[in-house]
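Q: Please take a close look at one helix, and then follow its surroundings to the annotated positions and to the aromatic rings, explaining each term as you go.

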Amino acid sequence: MAELDTLDIIVLAAILLGTVAYFTKGKLWGVAKDPYASSLAAANGAKAGKTRNILEKMEESGKNCIIFYGSQTGTAEDYASRLAKEGKSRYGLETMVADLEEYDYDNLDAIPEDKVVMFVLATYGEGEPTDNAVDFYEFINGDAPQFTLDNEPALGNLNYVAFGLGNNTYEHYNIMVRNVDKALQKLGAHRIGQAGEGDDGAGTMEEDFLAWKDPMWKALAEKMGLEEREAVYEPVFGIVERDTLTAESPEVYLGEPNKTHLDGTPKGPFNAHNPYIAPIAESYELFNVKDRNCLHMEVDISASNLSYQTGDHLAVWPTNPGEEVDRFLNVLGLAEKRKNVISVKALEPTAKVPFPTPTTFDAIVRYHMEICAPVSRQFLATLAPFAPDEASKAEMTKLGGDKDYFHDKINVHHLNIGRVLEIVGKGQKWTNVPFSAFIEGVTKLQPRYYSISSSSLEQPKKISITCVVEEQKLPGREDPFRGVSTNYLLALKQKQNGDPNPSPYGLTYEITGPRNRYDGIHVPVHVRHSNFKLPSDPLKPVIMVGPGTGVAPFRGFIRERRKMVENGQSVGKTILFFGCRKSTEDFLYAKEWEEAKQIMGDSFEIVTAFSRESGKKVYVQHRLKERSKEINELLEKKAYFYVCGDAANMAREVHNVLGQIISEERGIPEAKAEDIVKNMRASNQYQEDVWS
């Protein structure tokens, strides 16, 4: 047999490859892909080939203004997007919004002077950076940040703008923006305008932002030679009707957060971009009154790779109530088109569509938009040109431009966007508003965080939460303002306990989820790790102050120490100060505290304050003061002191009382006692898990 020469081998190989290619077309290659499908990788920000070089990104996309955000709940991201839109529409800036964790910072020194960098930074918890800003914060505040060039000063080229989001009920109010501003100035960067600070604790965040941005824009325009022009709405997203698809088409997202959920095969890691659809093992009512609800809920994570530590938070991904979804779609004239399939495409390269597509109007509004949130004044001004008549346009313009008028008509009533459009339009449909304006202007529906009330030592694969179902009766408003997430959880609890069609307070929810994948009573969740932790030494004494649902993490702490005792370990003195209205109505976990006492003996004590059982109201801070001598003695033994609950009133009062106790018991001035409390905070001996 003749041997094959090299040419023969090449020809035969080419024929073989061609044959394989022909028969595998449409299977292994040449597969038609849905250009609108979103992958899990995209949801996690892990796009293939995506550059982390911010200068490279700005140059390739023709941008001269980048707005970095550090956001935990989505508000800072929302403000960053608003600055980007305004910079483009009013001043012709080529803007882009950027998540801090998606880029490197070592080439900030190479950004030319004719470009500007904005930082919109939230402070999280006790003066901590948000999860996505940790690396940046550590880098910029390092002893000697290493940049790419040898500039002197290092950031002498950098022009920047800064705005912070904080809460004055925390000791380290707006510390993120303050420290970043200080670090940038130290490195020679040039701040344009003042560093703004918004205060969520005083309820003035929105107005603080609006008051800061106008003088900032004026200073920026002067610095960069910009000319203001009449702002005209330019859509960031394009809406494409997909007539060949229906809501039953398998590639259409009906509320699923990413591709693996759409395919019915969710994969970890489960996190803030990718929830775990967790079965609810058990749920029950904790209050003994008819007009208020408090839920205990046990979430099973045994089939996931999720884990938690005692003191962490569980994030719940809610859905909007049907009543508000209907209101929103009706007022836009989209009720008949709610199931129509659309794709949403970014019209400029750095914009990110905030949910996967193709999808439906109903799914976007129900699962992805914060339609129940109080509306912003700036957004109403944006919608004014699209009003259905001149009277509505004039009213929207006045609401958007007059701070006091907006406050009296809208803000005090906590009106959401659907309700405002109904009232202003007097029942007319707002069909002129591009749907893209709502995608851009309504915040993305955010997970809600709850202190975990179980112990990971006792039940590592089951997480419990404790939450009051939120309602606020507001003057001038017929129906109460109701919390989105807690009422959703109440519906789940009612369904689990035998109600086939739950409608708490008249609200209904799609509790079976997209394509009924949440049925069997499931809830989308992820775990957020916290620094709110028991001391590593179990013999250290702990003092816990947690009225109402502020007791949640302390139930976990006590169950943890109770389990240690059952395992033969010794634990330090464990005192819980708990307060509620009446011992017969809202005394949470009363039976459990008795059981803990029997197991832990003298190492556990609960001190109660029932505010409505006598003529004089008694709160936890009063009980704390009554035990001054013992509290001081425990603190001198390096006891850990914990507070959980309302930041504006209770936590502040407790802080003040603690200073008084130390001052009086040790015979030192109050200023010196306050320094001791500050040092306790700095060393984590004093920890807070509070909310406004």
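A: What follows begins with the helix and then moves outward from it.

The model is predicted, so local features need pLDDT of at least 70 and side-chain atom pairs count only at pLDDT 80 or more, whereas totals for chains, interfaces and linings use all residues. Residues are numbered from 1 along each chain as its sequence is written, and side-chain values use heavy atoms, with hydrogens and water left out.

Helix H22 runs over residues 670-682 (helices are DSSP runs of H or I with at least four residues, strands are runs of E with at least two, and both are numbered from the N terminus). Its 13 residues reach 18 Å from the first C-alpha to the last, which is close to the expected 18 Å (the expected span is 1.5 Å times one less than the number of residues). The buried residues of H22 are Ala-673, Ile-676, Val-677, Met-680 and Arg-681 (buried means under 20% relative accessible area, exposed over 50%, and partly exposed in between, with a 1.4 Å probe and protein chains only). Seen down the axis of H22, these buried residues fall within an arc of 145°, so they line one face of the helix (the arc is that of the directions from the helix axis to the C-beta atoms). An α-helix has 3.6 residues a turn, so residues three or four places apart point the same way. The face of H22 turned away from the buried side carries the exposed residues Ala-671, Asn-679 and Ala-682. On the buried side, the residues of H22 pack against helix H20 (628-636), strand S22 (640-646), helix H21 and strand S23 (686-691) (a contact means heavy atoms within 4.5 Å). After H22 comes Asn-684, whose phi is positive, near 70°.

One of those partners, H21, leads to the annotated positions. Helix H21 covers residues 647-666 and holds Glu-653, which is partly exposed with a relative accessible area of 39%. In an unreviewed UniProt entry, the annotation "binding site" covers Glu-653 together with Arg-292, Thr-549, Ser-611, Arg-612, Lys-617, Val-618, Tyr-619, Val-620 and Gln-621 (positions are in the numbering used here, feature names are shortened, and annotations may be inferred rather than shown by experiment). These residues span 362 residues in sequence and the farthest two C-alpha atoms are 25.5 Å apart, so they do not all gather at one spot. Val-620, also on that list, has its place in helix H19 (residues 620-626) and is buried, with a relative accessible area of 4%. Not counting residues up to four places away in sequence, Val-620 touches Val-545, Pro-547, Phe-577, Phe-578, Gly-579, Ala-609, Met-650 and Val-654.

A further "binding site" annotation from the unreviewed entry includes Tyr-449, Gly-483 and Trp-691 among its positions. Tyr-449 is found in strand S14 (residues 448-451) and is partly exposed, with a relative accessible area of 23%. Leaving aside neighbours within four places in sequence, Tyr-449 is in contact with Gln-72, His-313, Leu-314, Ala-315, His-526 and Arg-528. Gly-483 has its place in the loop between strand S17 (481-482) and helix H16 (484-496), and at 5% relative accessibility Gly-483 counts as buried.

The last topic is the aromatic rings. The count comes to 31 aromatic pairs (rings of Phe, Tyr and Trp, the last by its six-membered ring, pair if their centres lie within 6.5 Å, and planes under 30 degrees apart count as stacked, over 60 as edge-to-face and the rest as tilted). The rings of Phe-68 and Phe-119 have their centres 5.8 Å apart and their planes at 20°, so this pair is stacked. Phe-68 lies in strand S1 (residues 65-70) and Phe-119 in strand S3 (residues 116-124), so the pair ties together parts that are 51 residues apart in sequence. Phe-68 counts as buried at 2% relative accessibility, and Phe-119 counts as buried at 1%. The rings of Tyr-105 and Phe-136 have their centres 5.1 Å apart and their planes at 75°, so that pair is edge-to-face. One cluster of aromatic residues is formed by Phe-68, Tyr-103, Tyr-105, Phe-119, Phe-136, Phe-139, Phe-147 and Tyr-160.
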